[in-house]
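Me: I have a model open and want to know what stands behind the labels people put on it. Could we go through them one at a time?

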Amino acid sequence: VLVHFQMERGRIYLMQEGKLLAELTYTDEGDYYNVDHTFVDECLRGQGVAAQLMAAYQSLLEKEQRKSTATCSYALKWAEKHKEYATYWM
C-alpha cells in the first residue's frame, strides 16, 4: 500500500472519510525536531505504513536540513535500523 500523506507543521498524517488512519507527530525543539508519536490504524498495520510515515519525515528533515531525536519507540528503532540517515539523527 503506497500512501500519500498530508503534512502540516508538527504532523504528517492520513485521513480518510474523516477517520485518522496514520499519523506521525513531532515537536520543534529549536535546533532539532523530536518525533514523539506514531500511529497506524489496525486496518493498515503490517503493510509498511509506519515505515512510509518515517520516510516522509526523513524527507522533511533533508529538505529543511534539520536534525531529529525521538521519544517515540518506533521512530527510535527506525532511526537505528536506517544508518544511512545517521547524519540527521542525534
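Below, each label is set against the value it rests on.

Me: Before we start, what kind of model is this?

Reply: It's a predicted model.

Me: Okay, how do you know that β4 and β5 pair?

Reply: Pairing takes at least two bridges. Strand β4 (residues 32-40) and strand β5 (residues 67-70) are joined by 4 bridges, so the label holds. The two strands run parallel, and Y33 stands opposite S68 of β5.

Me: And what makes β1 and β2 a pair?

Reply: Same test: at least two bridges. β1 and β2 have 3 bridges, in the antiparallel sense, so they pass. One example is E8, whose bridge partner in β2 is R11.

Me: Why is the pairing of the sheet called mixed?

Reply: The open sheet has 5 strands in the order β1-β2-β3-β4-β5, with mixed pairing. You've just met both kinds: β1 and β2 are antiparallel, while β4 and β5 are parallel.

Me: What makes β1 and β5 edge strands?

Reply: β1 (6-8) and β5 each pair on one side only. As for the twist, neighbouring strands of this sheet are turned by 30° against each other on average, ignoring direction.

Me: Why is the β-α-β unit called right-handed?

Reply: The unit is made of β4, helix α1 (residues 49-64) and β5, and it is right-handed. The label means that, with the strands pointing away from you, the path from the first strand over the helix to the second runs clockwise. You can try that view on the model. The helix α1 lies across β1, β2, β3, β4 and β5, at about 160° to β4.

Me: How do you know that T69 is buried?

Reply: Buried means under 20% relative accessible area. T69 comes out at 19%, so it counts as buried. It sits in strand β5, and its side chain makes a polar contact of 3.0 Å with that of N34. The cut-off for such a contact is 3.5 Å, so this pair qualifies. Leaving out neighbours within four places in sequence, T69 is in contact with Y32, Y33, N34, V35, W89 and M90.

Me: What makes S68 buried?

Reply: The cut-off is again 20%, and S68, also in β5, has a relative accessible area of 0%. S68 is therefore buried. A polar atom of its side chain lies 3.3 Å from the backbone oxygen of Y33. Beyond four places in sequence, the residues S68 touches include Y57, L61, Y88 and W89.

Me: Then why is L76 called partly exposed?

Reply: L76, in helix α2, has a relative accessible area of 38%. Buried would need under 20% and exposed over 50%, so L76 falls in between. L76 and Y32 are 44 residues apart in sequence and 15 Å apart in space, C-alpha to C-alpha.

Me: Last one: what makes the nonpolar core a core?

Reply: The members must be buried residues of the nonpolar kinds, joined through side-chain atoms within 4.5 Å. The largest such set has 27 residues, and F5, L24, V35, Y57 and W89 have the most contacts inside it. At least two core residues come from each of β2 (11-16), β3 (19-28), β4, α1 and α2 (73-81), and α1 gives the most, with 8. W89 also contacts residues far along the chain by the four-place rule, among them V35, M54, Y57, L61 and W78.

Technical notes. Residues numbered from 1 in each chain as written. Predicted model: local features only at pLDDT ≥ 70, side-chain atom pairs only at ≥ 80, totals over all residues. Heavy atoms only, no water. Buried < 20%, exposed > 50% of the residue type's maximum accessible area, 1.4 Å probe, protein only. Contact = heavy atoms within 4.5 Å. Axes fitted to C-alpha atoms, helices over the stretch in contact; angles between N-to-C directions. Polar contact = N/O pair within 3.5 Å; in protein donor to acceptor, adjacent residues only side chain to side chain.
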